[in-house]
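The following exercises concern a structure to be examined by its packing, its chain interface and its charged pairs. Each task is followed by a solution worked in steps.

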Amino acid sequence: MRRFGQEPAGEQEFTIHFTFDGQPLTARLGDTIASALYAAGIRSWRRSPQGDERGLLCGIGVCFDCLLSVDGIANLRACQILLTDGMRVETNLSAQVNDG
Amino acid sequence: MVEQVEILVIGGGPGGLSAAQAAAQAGAQVTLVDAYTQLGGQYYRQPPDRLLGQSTSHQRQGQELIRKIQQAGVHILSGTTVSSLDPDRLLLCSDAHSAFLLQARAVIIASGAYESPAPFPGWTLPGVLMTGGIQTLLYQHVLPGSRVLLAGTGPLQLVVAKKLLEAGVQVAAVLEGNRLVKSAVPHALALWDQSERIIEGAQSLQALLVRGVPYRTGWGLLEAQGVDSVTGALIARLDRDWRPLKGTEQEIACDTIGISFGLTPFNSLSKLAGAQQAWRPDLGGEIPIRNEYFETSVPGIYAVGDGAGIGGFRMSLLEGQLAGLRAAAQLGYGKDAASTAIQHVHRRINRESRFRRLHSTLFTPGPGVFELAQDDTLVCRCEGVTYGRLREFIRDGSCSPQEIKNGLRTCMGECQGRMCSQMVLHTLSRLSGKTVDELGLFSARLPVFPLSIGTFASLEVEE
């Protein structure tokens, strides 16, 4: 795990579970999707329309480079969404369109 | 249905919190809209709840302000984005579930700033982050990588380098593009009564030096290297204009690169509302023109803080306070408070301005930062436009920024030009020999943040 520092006492209650492209992973309560993926050693989760790997850039919600799919909804910013237990996170495919 | 509010504050950072507090304490009914899940903005960015006990002094200051606006009865809408603002102060907002309209009698925009991007070969590789993005990971107690190079300019690099070292990460080097000592001398007076900030910078620098991290002034990044992720960087000595000096190139191993090329004010909302803008490179770029109460050219719409010109958190607090008092007074609350406060606030703002001028002299990137892209480097990351296509389109430089936007789709993707518009403007200016002032600026279009059709369709509009 790529984490540092002290976790609060009773840290078990702060553990949450999610999946990334089907792979089961754990994170800490309060993680964004981006910080959870980084903590799991994953730094790339999007393919650009040209097919290049992309991940986190600005970290504050303005660049829209970190887009991915969450529970079937595409084009969401990994840096802005708080992870919740059971979330299904997937690589964003280029030119993916939400019809909902 | 359109909900009516008296004063609507946009943004939960120092400027917005201060404006909301002042207006609410004067007696006005205040609603504060903030895009993030937690108030505080970037400067007062709060740790996740589980780490609240380990808050820094900045974060505790923010918590204090947030408590004050809660006590003052401010209605807070977190996780809410403003996608549009019109001259009559009608706002289109959205949260995770739906879109809705708000009609305000006064609007105070405190939308803050974002780190300025500049394209260089390899800048789309995972592992290249804005330095503030690295900071957001550190607040979550997550490491960005194992060996980090920081390049660009400004004190944030030093602060983040120190935090990385404390977290056990190797810092390959900190490259400061400007040669600081020479530039600082004419501004020595401005440093008077700024001891607290100087000490913070000096402590960070000392932490680096003690651990043998090179702090190289007059050096910069040319290229990020790697195939699927960063594995190294090409760096070089820079001249005063940030153009690399031939023969000084070096390779440096790292798996993460943090870039800091200054801050850009987020001015899209005031622009969309029709407020007159000015091109002020010394204040970060394009900003709204304001009167002494920080009201824009559109009556009842105010703009405060870094989003109206980079000035730092103290300036934001002061501007927010005065705009909050004024907006309340215009609606009949605390009539004399704004006119009583104005002199005092402006005296303190003048003092802050000296520091702002020093900061801008020391830490503005040179024009060379916009000349690193090669023909195959992406300029527009959303629409996949390369530097070669941009150069080809501009040719003799007789086109306008708007024609580039229409012809190449730069500034039309999800980020709405936040990542490419500066590069496009600087490139056009360089190839045409005209200043940005002469070229004119891009128009603002709604929505300033993307909105899904589904969310848009949830809007209830009266027949």
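**Exercise 1. Nonpolar packing**

Task: Determine which residues B:Leu221 is in contact with beyond four places in sequence, and place B:Leu221 within the nonpolar cores of the structure.

Solution. The model is a predicted one.

Step 1. With neighbours within four places in sequence set aside, B:Leu221 is in contact with B:Phe120, B:Leu149, B:Ala151, B:Leu175, B:Ala233, B:Leu234, B:Ile235, B:Ile257, B:Ile259 and B:Leu372.

Step 2. The largest nonpolar core comprises 86 residues, and B:Leu221 is listed with those that have the most contacts inside it, together with B:Leu8, B:Leu91, B:Val107, B:Phe120, B:Leu149 and B:Ile257.

Step 3. There is also a second, separate core, which has 42 residues and includes A:Ile16, A:Trp45, A:Val70 and B:Leu165.

**Exercise 2. The surroundings of A:Ile16**

Task: State where A:Ile16 lies and whether A:Ile16 is buried or exposed, and list what A:Ile16 touches.

Solution.

Step 1. A:Ile16 belongs to strand E1 of chain A, which spans residues 15-20.

Step 2. The relative accessible area of A:Ile16 is 6%. Because buried means under 20%, A:Ile16 counts as buried.

Step 3. Residues up to four places away in sequence are not counted; A:Ile16 then touches A:Leu25, A:Thr26, A:Ala27, A:Arg28, A:Leu29, A:Leu83, A:Thr84 and A:Asp85.

Step 4. For A:Leu68, 52 residues from A:Ile16 along the chain, the C-alpha separation from A:Ile16 is 19 Å.

**Exercise 3. The interface of chain A and chain B**

Task: Describe the interface of chain A and chain B by its contacts, its buried area and its polar pairs.

Solution.

Step 1. The contact involves 38 residues of chain A and 48 residues of chain B.

Step 2. About 3,400 Å² is buried between chain A and chain B, and carbon and sulfur atoms give 57% of this area. On the side of chain A, the residues that lose the most area to chain B are A:Phe4, A:Arg43 and A:Leu57, which together account for 22% of what that side buries.

Step 3. The rule finds 2 salt bridges across the interface. A:Asp65 and B:Arg381 meet through their side chains in a salt bridge, with an N to O distance of 2.6 Å. Between the two chains, 14 residue pairs are in polar contact, both residues being at pLDDT 80 or more.

Step 4. On the side of chain A that touches chain B, helix H1 (33-39) and strand E4 (53-54) of chain A are the elements that give two or more residues. H1(A) provides the largest share, 3 residues.

Step 5. By class, this side of chain A has 16 nonpolar, 12 polar and 10 charged residues.

**Exercise 4. Salt bridges and their exposure**

Task: How many salt bridges does the structure hold over all chains? Assign the partners A:Arg3 and A:Asp31, B:Arg105 and B:Glu6, and B:Arg395 and B:Glu392 to their exposure classes.

Solution.

Step 1. Over all chains the structure holds 19 salt bridges.

Step 2. The side chains of A:Arg3 and A:Asp31 form a salt bridge at 2.5 Å, N to O. This pair links distant parts of the chain, 28 residues apart: A:Arg3 is in the segment before E1 of chain A, and A:Asp31 is in the loop between strand E2 (23-28) and H1 of chain A. A:Arg3 is buried, at 18% relative accessible area, and A:Asp31 is buried, at 0%.

Step 3. A salt bridge with an N to O distance of 3.9 Å joins the side chains of B:Arg105 and B:Glu6. B:Arg105 lies in strand E6 (residues 99-109) of chain B and B:Glu6 in strand E1 (residues 2-10) of chain B, so this pair ties together parts 99 residues apart in sequence. B:Arg105 is partly exposed at 48% relative accessibility, whereas B:Glu6 is buried at 14%.

Step 4. The side chains of B:Arg395 and B:Glu392 meet in a salt bridge of 2.5 Å, N to O. B:Arg395 is exposed, with a relative accessible area of 60%, and B:Glu392 is partly exposed, with 39%.

Step 5. One network, formed by salt bridges that share partners, joins A:Arg46, A:Arg54, A:Asp65 and B:Arg381.

Definitions and conventions. Residues numbered from 1 in each chain as written. Chains lettered and ligands numbered in written order. Predicted model: local features only at pLDDT ≥ 70, side-chain atom pairs only at ≥ 80, totals over all residues. Heavy atoms only, no water. Core = buried A, V, L, I, M, F, W, Y, C linked by side-chain atoms within 4.5 Å. Buried < 20%, exposed > 50% of the residue type's maximum accessible area, 1.4 Å probe, protein only. Contact = heavy atoms within 4.5 Å. Buried area = accessible area lost by both parts, 1.4 Å probe. Salt bridge = Lys/Arg side-chain N within 4 Å of Asp/Glu carboxyl O. Polar contact = N/O pair within 3.5 Å; in protein donor to acceptor, adjacent residues only side chain to side chain. Helix = DSSP H or I, 4+ residues; strand = E, 2+ residues; numbered from the N terminus. Nonpolar A, V, L, I, M, F, W, Y, C, P; charged D, E, K, R; others polar.
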